[in-house]
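Q: Hey, got a minute to walk me through this model? I'd like to get a feel for the fold before I set anything up.

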Amino acid sequence: MDERRLLAIMAHPDDESMGVGGALARYAAEGAGVYLITATRGQLGWFGDEASYPGPQILGAIREQELYAAARILGLREVHLLDYMDGALDQAQPNRIIAQLVSHIRRIRPQVVLTFDPNGYYGHPDHIAISQFTTAALIAAADGNFKDKSAPHRVSKLYYLAANKATQDAYEAAFGELTMKIDGVERRSTPWADWAITTRIDTSAHWQKVWQAISCHRSQLPGYQKLLDLPEEYHQNMWGAQTFYRAMSLVNSGRAVESDLFSGVKMEQHPLEVAVTQRMTVFQRSEILNDAA
Ligand SMILES: [Zn+2]
């Protein structure tokens, strides 16, 4: 049985497909347990005309169903919605959201966690917030003094989604320039330098699944119109590889570009094997004692 468990922690419905869909689809197809936590229902982002906006409640319910449909296509084992308000994730009570993330991390016990990079890809405050909360939750989940019902769990590796210039160009070919005005200042995407990319995942066998999952987000499709019009080669290219920055690893290091998020991760031993190993250790120790005597 595949013991690998991968958890993605994202801000909005569609981040799991547009952002990390390739990686999720690939590891799910390989038999790993792939889990998703989405912090908001994306109930405010509306691309249609204002008159047809159904309101946050209805749009939130629609986006929730779209998320589940995409998750089924990607082959995810579980999806959890935390129900924070779209656009206000950075106003969430840190102790509340971190405690929620900790309880999921301790229950799922993933070796690998994925989230947004500290710039939120193009400065989106929700993406930045989930990156910070996720990073904090990993520390808290491993801390025996952070009390909840469950046992501490140390995540072995944390990754930030790191789009390089090529990916940014491809996104902008479909969506135009990614900009956002926050606190009167314009934010735009800041691609990662190629030398800073630690991990490149081949997802070429899964690009169709990713595109299919993206297409589940029908209420967002008016904003994706250009994407629908682009040729097949574009999609093959766009969803056929993913780049990440290894923000934290307890199990490996170095400059060699990884091709697997689980590089260096040792699978847990079966409880029986652990028992045998422990007995052997005791036996060897008593042997040494006997020799000394
Ligand atoms: Zn998002």
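A: Sure. One term to settle up front: a residue is buried if 20 or more other C-beta atoms lie within 10 Å of its own, and exposed if 12 or fewer do. Also keep in mind that this is a predicted model.

Q: Fine. How many helices and strands are there in the protein?
A: Eleven helices and nine strands. Buried residues make up 38% of the 293 residues.

Q: And how much of the contact map comes from residues 24 or more positions apart?
A: Of the contacts with a separation of 6 or more, 81% are between residues that far apart.

Q: Let's start at β1. Which of its residues point which way?
A: Arg5, Leu7 and Ile9 point one way, while Leu6, Ala8 and Met10 point the other way, and all are buried. In a regular strand, side chains alternate between the two faces of the sheet.

Q: Why do you call β1 largely enclosed by the rest of the structure?
A: Because six of the six residues in β1, residues 5-10, are buried.

Q: What does β1 pair with?
A: With β2 there are six bridges, in the parallel sense. β4 (residues 112-115) also runs parallel to β1, joined by three bridges. For specific partners, Ala8 bridges to Leu36 in β2, and Leu7 bridges to Val113 in β4.

Q: OK, zoom out. What's the strand order in the open sheet?
A: Seven strands, β3-β2-β1-β4-β5-β9-β8, with mixed pairing. The edge strands are β3 (78-84) and β8 (199-202), each pairing on one side only. Ignoring direction, neighbouring strands are turned by 25° against each other on average.

Q: Which helix packs on that sheet by β3?
A: α4, residues 94-108, which touches β1, β2 and β3. The direction of α4 makes about 165° with that of β1.

Q: What about α6, where does that go?
A: α6 (residues 125-142) lies across β1, β2, β4 and β5 (157-161), and runs at about 160° to β4.

Q: Switching topic: which residues of α8 are buried?
A: In α8, residues 207-215, the buried ones are Trp207, Lys209, Val210, Ala213 and Ile214. Seen down the axis of α8, they fall within an arc of 160°, so they line one face of the helix.

Q: Remind me, why would residues three or four places apart point the same way?
A: Because an α-helix has 3.6 residues a turn.

Q: So what do the buried residues of α8 pack against?
A: Four helices: α1 (15-19), α2 (21-29), α3 (56-74) and α10 (232-238).

Q: Take α2. What angle does α2 make with α8?
A: About 120°, with their axes 9 Å apart. That makes α2 oblique to α8. The contact is made by Gly21, Gly22 and Ala25 of α2 and by Lys209, Val210, Ala213 and Ile214 of α8.

Q: Is that crossing left-handed or right-handed?
A: The crossing of α2 and α8 is right-handed.

Q: Last bit: is Glu232 buried or exposed?
A: Exposed, because Glu232 has 10 C-beta neighbours inside 10 Å. Glu232 is in α10, and its C-alpha is 9.5 Å from that of Gln208, 24 residues apart in sequence.

Q: And where's Gly31?
A: In the loop between α2 and β2 (33-40). Gly31 is exposed, with 12 other C-beta atoms within 10 Å. Gly31 and Glu3 are 28 residues apart in sequence, with 8.8 Å between their C-alpha atoms.

Notes: Residues numbered from 1 in each chain as written. Predicted model: local features only at pLDDT ≥ 70, side-chain atom pairs only at ≥ 80, totals over all residues. Helix = DSSP H or I, 4+ residues; strand = E, 2+ residues; numbered from the N terminus. Arc of directions from axis to C-beta. Contact = placed C-beta atoms within 7 Å. Pairing = 2+ DSSP bridges. Axes fitted to C-alpha atoms, helices over the stretch in contact; angles between N-to-C directions. Parallel < 35°, antiparallel > 145°, perpendicular 65-115°, else oblique. Left-handed = near helix turned anticlockwise from the far one by under 90°.
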